[in-house]
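Here are my notes for you, as numbered points to read with the model open beside you. I hope they help you find your way around.

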Amino acid sequence: MTPRPRIGRPRPAAGANPAGVSLCRALSKLGLCSRKQAEALVAEGRVRVGGKIVRNGSLRVDPGRDRIEVDGSRVVAERKVYLMINKPRGLVTTRDDPQDRGTVYDCLTGLALPFVSPVGRLDKASEGLLLMTNDTRFAQRLLDPASHVAKIYHVQIGALPDEAMLARLRAGATVDGELLTARSIEILRSGTRTAWLEITLDEGRNRHIRRLLGACDVEVLRLVRVAIGPLQLGDLAKGKARHLTAEELALFAA
């Protein structure tokens, strides 16, 4: 009699650690490369786990226990790095751009660093404070909507705001099925034709401020992020990067 096949979850492959993370994510968490680059390394047969070549980037591994090698060298955890960048307008927040545009990694030229990733994004036309790190837990904590880490932006608009405009903006707007709101919107200063607003968000959806203001027919001329939580952009020169101090890191732990 032919045995009936068992129905249920497949058994993990030999050597797999179901409680760990995927091999590609492990290579990223260890600070070697991005997940996309890890996928290429695995596909090329350059990665070994426990001495055996692995071509399955989804294999579950424990980065702290399993011996993972790339090109014959063991991958060990890099030191934790926390950077702030004053992103100029015109750079994209990615490592490899298929259109060959300048990226935020251009701001790290000349610095001896392990692989680091941006914490969130600023679109190409936006400027200001951007954090980069290889500490995935730190990044996830800041990006988690439940953490409500405030992000403050100074936004130049092509109009002079009155109370009616501010009321519309503060009420929020639904764009493409998403309700876009701000924690606060205040006038910083006004000129003869333009004004600067200070807008505080406690969540960050894709092009959040631009879409919110656009829905209210308000033109954005410049958008600069000046703070993330307790961390201020300060006088860091445009296009430059620096390490966070121990005191600054402690502010996020408070």
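1. Let's begin at the end of helix 4: the residue that follows this helix is G172, and its phi is positive, near 85°. Please keep in mind that this is a predicted model.

2. At the other end of helix 4, the cap comes from D162. A side-chain oxygen of D162 lies 3.2 Å from the backbone nitrogen of A164, at the N-terminal end of the helix.

3. Which residues of helix 4 are buried? Within its span, residues 163-171, they are M165, L166 and L169. These three cover an arc of only 95° around the axis, so they sit on the same side of helix 4. As a reminder, an α-helix has 3.6 residues a turn, so residues three or four places apart point the same way. E163 and A171, on the other side of helix 4, are exposed.

4. What do the buried residues of helix 4 pack against? Their partners are three strands and a helix: strand 10 (151-157), strand 13 (184-190), strand 14 (195-201) and helix 5 (208-215).

5. Now for a sheet. Four strands form an open sheet in the order 3-2-5-6, and the pairing is antiparallel. Strand 3 (52-53) and strand 6 (73-74) are the edges; each has a single partner strand, so one side of each has no neighbour in the sheet. Strands of a sheet pair through backbone hydrogen bonds, either parallel or antiparallel.

6. Take a closer look at strand 2 (residues 47-49) and strand 5 (residues 68-70) in that sheet. Three bridges join these two antiparallel strands. V49 has I68 of strand 5 as its bridge partner.

7. Is V47 buried or exposed? This residue of strand 2 has 0% relative accessibility, and because buried means under 20%, V47 counts as buried. Leaving aside neighbours within four places in sequence, V47 is in contact with L23, L27, L41, V42, K52, I53, V54, I68, E69 and V70. You can also check V47 against C24: their C-alpha atoms are separated by 10.0 Å, and the two residues are 23 residues apart along the chain.

8. On to the aromatic rings, where the structure holds two pairs. In one of them, the rings of Y82 and F138 have centres 5.1 Å apart and planes at 80°, so the pair is edge-to-face. Y82 belongs to strand 7 (residues 82-87) and F138 to helix 3 (residues 136-143), so this pair ties together parts that are 56 residues apart in sequence. Both rings belong to buried residues: Y82 has 15% relative accessibility, and F138 has a relative accessible area of 5%.

9. F138 also pairs with F252: the ring centres are 5.7 Å apart and the planes stand at 85°, so this pair is edge-to-face as well. With F138 in helix 3 and F252 in helix 6 (residues 246-253), the pair ties together parts that are 114 residues apart in sequence. F252 is buried, and so is F138. Taken together, Y82, F138 and F252 form one aromatic cluster.

10. Finally, the cysteines. How many disulfides are there? A search of the whole structure finds zero. As for burial, C107 counts as buried at 9% relative accessibility, and C216 is buried too, with a relative accessible area of 11%.

Key: Residues are numbered from 1 along each chain as its sequence is written. This is a predicted model: local features need pLDDT of at least 70, side-chain atom pairs count only at pLDDT 80 or more; totals for chains, interfaces and linings use all residues. Side-chain values use heavy atoms; hydrogens and water are left out. A disulfide is a pair of cysteine sulfur atoms within 2.5 Å. Buried means under 20% relative accessible area, exposed over 50%, partly exposed in between (1.4 Å probe, protein chains only). The arc is that of the directions from the helix axis to the C-beta atoms. Contact means heavy atoms within 4.5 Å. A polar contact is a pair of N or O atoms within 3.5 Å; within protein, one must be able to donate a hydrogen and the other to accept it, and residues adjacent in sequence count only if both atoms are side-chain atoms. Two strands pair if DSSP finds at least two bridges between them. Rings of Phe, Tyr and Trp (its six-membered ring) pair if their centres lie within 6.5 Å; planes under 30 degrees apart count as stacked, over 60 as edge-to-face and the rest as tilted.
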